[in-house]
Amino acid sequence: MAGQSAAKRRYDPKRRIAEITTATEKVIAERGIEGLTHRAVAEQAGVPLGATTYHFATKDDLIQAALQRSVDRYAAYLADWVAQRPELTPEQLIVLLTDALMGSFGPQRDIQVVEFELYLAALRRPTLRPIADRFIELSVNALLPYVDPLTARAAAVATNGLTLRGLAGTTPPTRAEVEDILRRVLTPNPNLPAPAAADQDIPTGPRVP
């Protein structure tokens, strides 16, 4: 009976897919997208090579699964982030967003690098773009409890650019620089007309808070 139970766990399709997807992220973290192969994923997951090709016929299928997993994880993170902060002043929002960005350049750097590699894979893979679009859509929606729609889009794009610069550049931006940029974006300017409330097209890119 115990042997039958272990065999059922071992060959559970959903569990196997999750194992392979997790292994895909780990391979990308170690080798980058260019180093991603079915064989490398199978070795990382500890499964037969045929298991990876059975569930994911191509390398692009592996990338798509990892990108979707990344977006789903980000959605859960943002939902919890907003739920714990029902009200924020502009200055509080600036400080908290800066905290998150500085973490992206430090303790969370490896995770952020994988997310951006997966996101940028959509540059040459049009089928990934609807999933990649979700990063900024989620970021904008998370900011809407605190700012107007136009400011939310501007802040999402700004943080996306700051994160990419910090990850790809020689030196990440300082905390003071990040705060100054976010303060400029998030602080209302009385000399400008009030932003329209109507929804507009949302640009794409990974995570904000």
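In which helix is Thr24 found? Thr24 belongs to helix α2, and the legends below describe close-up views of that helix and its surroundings in a predicted model.

**View 1. The overall fold, given as context for the close-ups, is made of 10 helices and zero strands.** Followed along the sequence, the secondary structure of this predicted model reads α-α-α-α-α-α-α-α-α-α. The protein has 209 residues, of which 40% are buried. When contacts in the protein are restricted to residues at least 6 apart in sequence, 74% of them join residues at least 24 apart.

**View 2. Thr24 is a residue of helix α2 with a relative accessibility of 0%.** Because the value of 0% lies under the 20% limit for burial, Thr24 counts as buried. Once residues up to four places away in sequence are set aside, Thr24 touches Leu36, Val41, Leu62 and Ala66. Two of these partners, Leu36 and Val41, are named again in View 5, where they appear among the residues of the largest nonpolar core that touch the most other members.

**View 3. Ile20, which also has its place in helix α2, is shown with its contacts.** Ile20 is buried, its relative accessible area being 0%. Not counting residues up to four places away in sequence, Ile20 touches Val41, Ala45, Val47, Ala51, Thr52, His55, Phe56 and Leu62. For one of these partners, Val47, the separation along the chain is 27 residues, while the C-alpha atoms of Ile20 and Val47 are 8.2 Å apart in space.

**View 4. Glu19 is found in helix α2, which spans residues 13-31.** Is Glu19 buried or partly exposed? With a relative accessibility of 27%, Glu19 counts as partly exposed, because this class lies between the limits of 20% and 50%. Leaving aside neighbours within four places in sequence, Glu19 is in contact with Ala45 and Val47. The C-alpha atom of Glu19 is separated by 9.3 Å from that of Gln44, a residue 25 places away along the chain.

**View 5. The largest nonpolar core holds 33 residues, of which Leu36, Val41, Ile63 and Leu118 touch the most other members.** Two or more residues of this core are given by each of the elements α2, α3 (38-45), α5 (59-83), α7 (109-120) and α8 (129-143). The largest share, eight residues, comes from α5. Apart from this core lies another one, of 18 residues, which includes Val140, Ala156, Val178 and Leu182. In soluble globular proteins, nonpolar side chains tend to be buried together.

**View 6. Leu118 is shown with the residues around it, its neighbours within four places in sequence being left aside.** Under that condition, Leu118 is in contact with Ile28, Ile33, Ile63, Ala66, Leu67 and Ser70.

**View 7. Helices α5 and α7 have axes that come within 10 Å and cross at roughly 125 degrees.** Two packed helices are described by the angle between their axes and the distance between the axes. The two helices α5 and α7 are therefore oblique to each other, and their crossing is left-handed. On the side of α5 the contact is made by Ile63, Ala66, Leu67, Ser70 and Arg73, and on the side of α7 by Glu115, Leu118 and Tyr119. By residue class, this contact of α5 with α7 divides into five nonpolar residues, one polar residue and two charged residues.

Methods: Residues are numbered from 1 along each chain as its sequence is written. This is a predicted model: local features need pLDDT of at least 70, side-chain atom pairs count only at pLDDT 80 or more; totals for chains, interfaces and linings use all residues. Side-chain values use heavy atoms; hydrogens and water are left out. Helices (H or I, at least four residues) and strands (E, at least two) are DSSP runs, numbered from the N terminus. Buried means under 20% relative accessible area, exposed over 50%, partly exposed in between (1.4 Å probe, protein chains only). Contact means heavy atoms within 4.5 Å. A nonpolar core is a set of buried Ala, Val, Leu, Ile, Met, Phe, Trp, Tyr and Cys residues joined through side-chain atoms within 4.5 Å. Axes are lines fitted to C-alpha atoms, for helices over the stretch in contact, and angles run from 0 to 180 degrees between N-to-C directions. Angles under 35 degrees count as roughly parallel, over 145 as roughly antiparallel, 65 to 115 as roughly perpendicular and the rest as oblique. A crossing is left-handed if the near helix is turned anticlockwise from the far one by less than a right angle, and right-handed if clockwise. Ala, Val, Leu, Ile, Met, Phe, Trp, Tyr, Cys and Pro count as nonpolar, Asp, Glu, Lys and Arg as charged, and the others, Gly among them, as polar.
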